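Colleague: Before I trust the labels on this thing, could you walk me through where they come from? I'd like the reasoning, not just the verdicts.

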Amino acid sequence: MRKLREAYENDVVALNQQANLIPGLNLSALGIFSTGLSMLPSSSGPHGASSSSAAGYNPFFMPEQEVVYLFIPTQAVGAIIGKKGQHIKQLARFAGASIKIAPAEGVEVHERMVIITGTPEAQFKAQGRIFGKLKEENFFNPKEEVKLEAHIKVPSSAAGRVIGKGGKTVNELQNLTSAEVIVPRDQTPDENEQVIVKIIGHFFASQTAQRKIREIVQQVKSQEQRHQQGAPTLHRSK
């Protein structure tokens with residue numbers, strides 16, 4: 001019972017962290033897990049505001065579309081697609097995301113790539129349901145956490161900031177999120193001048209790492225914009 005309580009409390013903390021990381025995220029409506037979610041206490045701000053209002057949700061703000069490449073076991077593809085594609089269609093509608101499974105790159109591949117395109121909230125919903133489905137269908141040992149590899153692309157100009165001096169930032173990310181974060185060295189940027197960051201971990205660890213990396217990228221973009229607009233002094237003082 002003590003172990004169950006600790007696991008439940010850890011999930012509550014992780015869920016509330018997600019509410020702060022993704023403005024406007026309605027956790028109670030996600031339905032990612034079959035139990036526990038409806039029992040969660042509402043996350044309130046200092047004046048009793050809901051998590052979405054506490055996070056400063058702006059209904060006129062259009063979140064940017066993100067692309068995440070999630071790798072699932074090859075034998076799980078059928079379960080994710082469902083009979084005549086019904087499950088993946090329902091998942092896409094629920095999450096408000098585009099979900100596609102890339103063709104196998106060879107005959108004996110152990111993993112298949114799922115390409116998810118959508119807002120931060122859509123990513124949370126889609127990835128959460130996929131992690132949950134793999135657990136539900138017993139593709140992982142009952143005592144084993146579902147840990148998947150996810151790839152996100154970041155501008156090559158921001159890769160150094162994700163790594164940090166001497167690897168400091170990436171180490172801090174790993175300690176904070178419990179996910180393994182890898183920025184492969186000697187990557188050749190793609191046609192959009194982007195490189196891949198690999199994230200390996202359970203659902204909440206992966207989500208938190210993704211959000212933190214996106215924050216770093218946004219900071220770099222903001223600094224570059226200010227610099228281009230003729231404010232180098234602000235860039236240096238940052």
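Modeller: Below we go through the labels in turn, keeping in mind that this is a predicted model.

Colleague: Let's start inside. Why is Ser-206 called buried?

Modeller: Buried means under 20% relative accessible area. Ser-206 comes out at 0%, so the label fits. This serine is part of helix α8.

Colleague: What is Ser-206 in contact with?

Modeller: If you skip its neighbours within four places in sequence, Ser-206 contacts Gln-127, Ala-150, Ala-179, Ile-199 and Gly-201.

Colleague: And Asn-138, what makes that one exposed?

Modeller: The cut-off there is over 50%. Asn-138 has a relative accessible area of 57%, so it counts as exposed. You'll find Asn-138 in the loop between α5 (120-136) and β4.

Colleague: Which label does Asp-186 get, buried or exposed?

Modeller: Exposed, because its relative accessibility is 79% and the label needs over 50%. Asp-186 sits in the loop between β5 and β6.

Colleague: What makes the phi of Asp-186 worth a remark?

Modeller: Most residues other than glycine have a negative phi. Asp-186 isn't a glycine, yet its phi is positive, about 60°. Asn-138 also has a positive phi, near 60°, and is not a glycine either.

Colleague: On to the largest nonpolar core. How do you know that it lies between the two domains?

Modeller: Domain 1 (63-145) and domain 2 (147-223) both give residues to this core, so it lies between them. The core has 47 residues, and Ile-99 and Ile-213 touch the most other members. Helix α8 (residues 203-228) gives the most, with eight residues.

Colleague: Which residues does Ile-99 touch?

Modeller: Leaving out residues up to four places away in sequence, its contacts include Ile-88, Leu-91, Val-114 and Ala-126.

Colleague: Now the sheet. Why are β2 and β5 called edge strands?

Modeller: The order is β2-β3-β1-β4-β6-β5, an open sheet of six strands with antiparallel pairing. β2 (98-101) and β5 (180-182) each have a single partner strand, so one side of each is left without a neighbour in the sheet. From one strand to the next, the twist averages 20°.

Colleague: How do you know that β2 and β3 really pair?

Modeller: Pairing takes at least two bridges. Four bridges join β2 to β3 (residues 111-118), so the pair qualifies, and the two run antiparallel. Take Ile-101: its bridge partner in β3 is Val-114.

Definitions and conventions: Residues are numbered from 1 along each chain as its sequence is written. This is a predicted model: local features need pLDDT of at least 70, side-chain atom pairs count only at pLDDT 80 or more; totals for chains, interfaces and linings use all residues. Side-chain values use heavy atoms; hydrogens and water are left out. A nonpolar core is a set of buried Ala, Val, Leu, Ile, Met, Phe, Trp, Tyr and Cys residues joined through side-chain atoms within 4.5 Å. Buried means under 20% relative accessible area, exposed over 50%, partly exposed in between (1.4 Å probe, protein chains only). Domain bounds come from an automatic or database domain assignment. Contact means heavy atoms within 4.5 Å. Axes are lines fitted to C-alpha atoms, for helices over the stretch in contact, and angles run from 0 to 180 degrees between N-to-C directions.
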